[in-house]
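Here is a brief report on a structure with its sequence. Please look at both before reading on.

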Amino acid sequence: MNNPAFSKVLIANRGEIACRVIRTLDAMGIASAAVHHPAEAAARHVRMAGEAVAIHGDTPVAAYLDGAQIIAAAKATGAEAIHPGYGFLSENAGFAQAVIEAGLTFIGPDHATIALMGDKISARTFAAAIGVPVAPSVLPTEDLADFTARAGKIGFPLLIKAAAGGGGKGMIIVRHADELQAAATRAASEALRYFRDGRIYAETYVDAPRHIEVQVLGDGEGGVIHLHERECSVQRRFQKIIEEAPAPDLPPSLREEICAAALRIAMAARYRNAGTVEFILGADGRFFFLEMNTRLQVEHPVTEMITGIDLVRAQIEIAAGAALPAALPAPRISGHAIECRICAEDPARDFLPESGRIGRLAFPTAPWLRFEHGLTEGQAITADFDPMLAKLVSHGPDRETAINRMIEALKQLTLLGVTTNIDYLIRVLDHPAFRAGDLHTGFVSAHGAALALPPTGRQARDHAAILAALGCREFAELVFATPEPYASMGFWRN
Amino acid sequence: MPFTLLLDGEPCEIEILARQPRLLLAVNGRTYLVEPKAGDGMVRIDGETVAFARAEIGETQFLRIAGRTHVAQLARQGGAGGGGGSGVNAVKAPMPGLVIRVHKQAGEAVVRGEAVITIESMKLQMALNAPRDGVIATLLAEEGGSFDKDAVLALLVSLEGE
C-alpha cells in the first residue's frame with residue numbers, strides 16, 4: 001500500500017504485544033496510541049507509543065478490560081483503528097462490535113465470527129458440519145447431574161472444560177468415574193467465576209496428544225491462505241511454554257490434511273484477518289479440531305520467522321480493506337523457528353507464579369534472534385498480570401541449529417530479580433526427547449524428574465557463594481573488621 | 001566468626017582467612033583466592049575469571065553465573081529457628097494472589113489439613129490448609145485482599161492442654 005492504511009492506531013493492550021504492534025506501526029508510518037493503567041505509567045509500551053492515555057479500574061486488569069474507556073481513548077487521540085493484541089478484549093465480540101459502532105476499525109475478525117468461535121460448542125458444531133473431525137463429547141450444561149450421567153457414558157479419560165473458557169483455565173482431566181462428580185462441580189464453579197458462564201462440557205481426552213495449530217489469514221471476502229502449522233505441545237498447567245514452526249517430523253500427507261482442514265474452517269467462516277485453528281493430534285495420526293482463536297497468537301513470531309511475513313502488518317492491511325487473491329498458495333518456508341515464553345514462575349514449585357522486581361535485564365541480539373518484551377529495569381512484577389514476562393525467539397536453517405541458538409541465547413539472557421523459568425527452558429530444549437522431536441502435551445510431567453534442577457557442582461556452588469557474599473554489605477563489614485593493617489577494600493559494589 | 005548465607009536455600013559458611021595481600025576465603029571449609037575486581041561483572045577465583053550478573057531485590061540477591069540463576073539470602077542469627085517455628089504456626093501464601101474465601105475466623109479451631117483460606121492466582125484456585133491442629137489466633141487475610149508470595153495469611157496457636 002502506498003498510503004498508510006490508517007493515520008493512527010490505538011493498541012488496547014500492554015506488555016510485549018503492545019510493544020510488538022507499535023514496532024510494526026512505526027515501520028508502516030502509522031502513529032500509535034497506547035493505553036495504560038496508572039500503575040504502568042512508566043511501562044515500555046507507554047514510552048514506545050506516540051502518545052498514551054491512562055485508563056482506570058478497580059484492578060489494573062479491569063482497566064484493560066474496560067472497552068468503553070478504551071474506545072473513548074481511541075476517539076480522544078484521533079485513532080482510526082484499534083488493535084486488541086491477545087488476551088484482554090481481543091476475543092470479546094461485544095467490544096469488536098462497539099468499536100465498529102463508534103465509527104472505528106477493529107483490527108480483527110467480524111464480531112459475529114468472534115462470537116461463533118468464542119463459544120467452544122458453536123465452534124465445534126460449525127467445524128463438524130463442514131467435515132472437520134471433532135472429538136466425541138458431551139454438550140454443555142449447567143445441570144451437573146445430567147452432565148455427569150452423560151459424561152460417564154462416553155468413557156474415560158475425559159477432559160472437562162468451561163464452555164466460555166480459553167487459555168486452559170478451568171480445564172480438568174478426569175481418569176475415573178469416581179472423580180467425575182467433584183471435578184464437574186469444581187469446573188462449573190470456576191467457569192462461573194472466570195467467564196460468568198457456568199456451562200461446562202466434556203470430551204474424549206486424547207492421551208499424550210500433540211498440539212498442532214495452523215495460522216490463517218482471510219480477507220473476509222472468501223480469500224484465505226494458511227501460513228503453515230506450529231507445534232505447541234510443550235505446555236505446563238495447560239498453557240504453552242515452547243512453540244515451534246514447522247512441527248517436527250510431521251508426515252507430509254498429515255501436515256497437508258491438517259492445514260487443509262484449517263483452511264476449510266477459515267473459508268467456511270469467510271474469515272477476516274489473522275486467526276489460528278488449533279488441533280490435537282493423537283499418536284495414531286487422528287486429529288481433532290480444538291478451537292479457533294480469532295486473534296493474533298502469543299506464538300505468532302515463529303510463523304513470521306519461517307515465512308518472512310509480518311503478521312501484524314498483514315492484520316492492519318486486511319483491516320484497511322486489502323484483499324487476498326483467491327487460491328493463493330501458502331508461502332514458502334525457510335528453516336525452523338522456536339519460541340520460549342519467559343515466565344515469572346518457579347518450575348521447582350509446580351510453576352507457581354512468582355513476584356519480584358526486574359533488577360537487571362540484559363538480552364542477546366543476533367540476526368536469528370528476537371526478544372519480545374515490555375520490560376523496564378526497576379519494574380515490579382506482581383500478581384496483577386499474567387506471569388509471562390517476555391518471549392525469546394530463535395531461527396535456524398534447521399531445527400537443531402534453532403535449538404542450539406535458543407539454548408545459547410537463554411544462557412546469555414539475564415533477567416534477575418524475580419524467579420523465572422529461563423534455566424528450566426534450557427533443560428527442556430537440551431533434553432534428548434525434545435531434541436528428537438518426541439513431543440506431546442504431557443512432556444513436562446512425563447520428563448519431570450529429568451527436567452528437575454540438577455544439583456550444582458561443588459565448585460560452581462562455592463563460586464556462587466563467594467559472589468553472593470561479595471554482594472552483601474554485612475560481609476564487607478566483616479572483611480573490614482578483619483584485623484589487617486594495609487586493607488584497601490575498594491571493590492565492593494556501589 | 002563465619003558468615004552464613006542461604007544459597008538456593010542451603011546454608012553456606014564463608015570465612016575470611018586473610019584480606020591482604022589477596023582476599024582468601026573458605027567456603028564450607030574449602031579455600032579460595034579471590035580477586036574481586038577482575039573487571040565489570042567479573043571476579044577472579046583461583047585465577048579463573050568468573051563472569052556474573054547480580055540484582056538485589058529486598059534482602060534477596062539474584063545471581064546469574066554460567067547460564068544458571070542462584071538466589072542468596074543472608075542467614076540471620078536466630079532467624080532460622082524463629083522462622084521454622086512460625087512456619088509451623090503460619091498459613092503462608094505459596095504464590096502472590098487474591099483471597100477468595102476465608103473459611104475460618106479468628107478463634108475457630110482447625111484440624112491439620114483443613115482449609116483455612118482459598119486463594120486465587122493466575123485464575124487458579126487453591127485451598128490453603130492448616131499446617132497442624134490448633135486455633136486461629138490471628139487472621140491476616142481479608143476476602144478480596146491481595147498478598148505477595150510467602151505472606152503470612154493466618155497464625156495458629158496450640159489447642160489448650162497441648
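## Nonpolar cores

This is a predicted model. Start with A:L10. Leaving out residues up to four places away in sequence, A:L10 touches A:A33, A:V35, A:A73, A:A74, A:T77, A:A79 and A:I82. A:L10 and A:I82 also appear together in the largest nonpolar core, which has 80 residues. A:L10, A:I82, A:A262, A:I265 and A:F279 are the residues there that touch the most other members. Two domains of chain A, domain 1 (8-107) and domain 3 (210-451), each supply at least three residues to this core.

Another core, of 70 residues, lies apart from it. Among its members are A:V444 and A:A469, along with B:I14 and B:I45.

## A:F6, ahead of β1

A:F6 sits in the segment before β1 (8-11) of chain A. Is A:F6 buried or exposed? A:F6 counts as buried, because 21 C-beta neighbours fall inside 10 Å and the cut-off for burial is 20 or more.

Setting aside residues up to four places away in sequence, A:F6 is in contact with A:I30, A:E80, A:A81 and A:A320. A:E317 is 311 residues away from A:F6 along the chain, yet their C-alpha atoms are 9.1 Å apart.

## Helix α9 of chain A

Helix α9 covers residues 177-195 of chain A, 19 residues in total. From first C-alpha to last, α9 reaches 26 Å, close to the 27 Å expected at 1.5 Å a residue. The helix has a kink of about 25°, centred on A:A183. Just after α9(A), A:R196 adopts a positive phi of about 50°.

Which residues of α9(A) are buried? They are A:L180, A:A183, A:A184, A:A187, A:A188, A:E190 and A:A191. A:A183 is thus both a buried residue and the centre of the kink. In an α-helix there are 3.6 residues a turn, so residues three or four places apart point the same way.

The buried residues of α9(A) pack against four elements of chain A: α8 (144-153), β7 (158-162), β8 (172-174) and β9 (200-204). They also pack against β13 (124-129) of chain B.

## Where chains A and B meet

How many residues does each chain bring to the contact? Chain B gives 47 residues and chain A gives 46 residues. On the side of chain B that touches chain A, the elements giving two or more residues include β1 (3-7), β2 (10-18), β4 (30-39) and β6 (48-57) of chain B. The largest share, seven residues, comes from β6(B). That side of chain B divides into 28 nonpolar, nine polar and ten charged residues.

Methods. Residues numbered from 1 in each chain as written. Chains lettered and ligands numbered in written order. Predicted model: local features only at pLDDT ≥ 70, side-chain atom pairs only at ≥ 80, totals over all residues. Buried ≥ 20, exposed ≤ 12 C-beta atoms within 10 Å, placed from the backbone. Contact = placed C-beta atoms within 7 Å. Expected span 1.5 Å × (residues − 1). Bend = angle between axes of the 7 residues up to and from the residue. Core = buried A, V, L, I, M, F, W, Y, C linked by C-beta atoms within 7 Å. Domains from an automatic or database assignment. Nonpolar A, V, L, I, M, F, W, Y, C, P; charged D, E, K, R; others polar.
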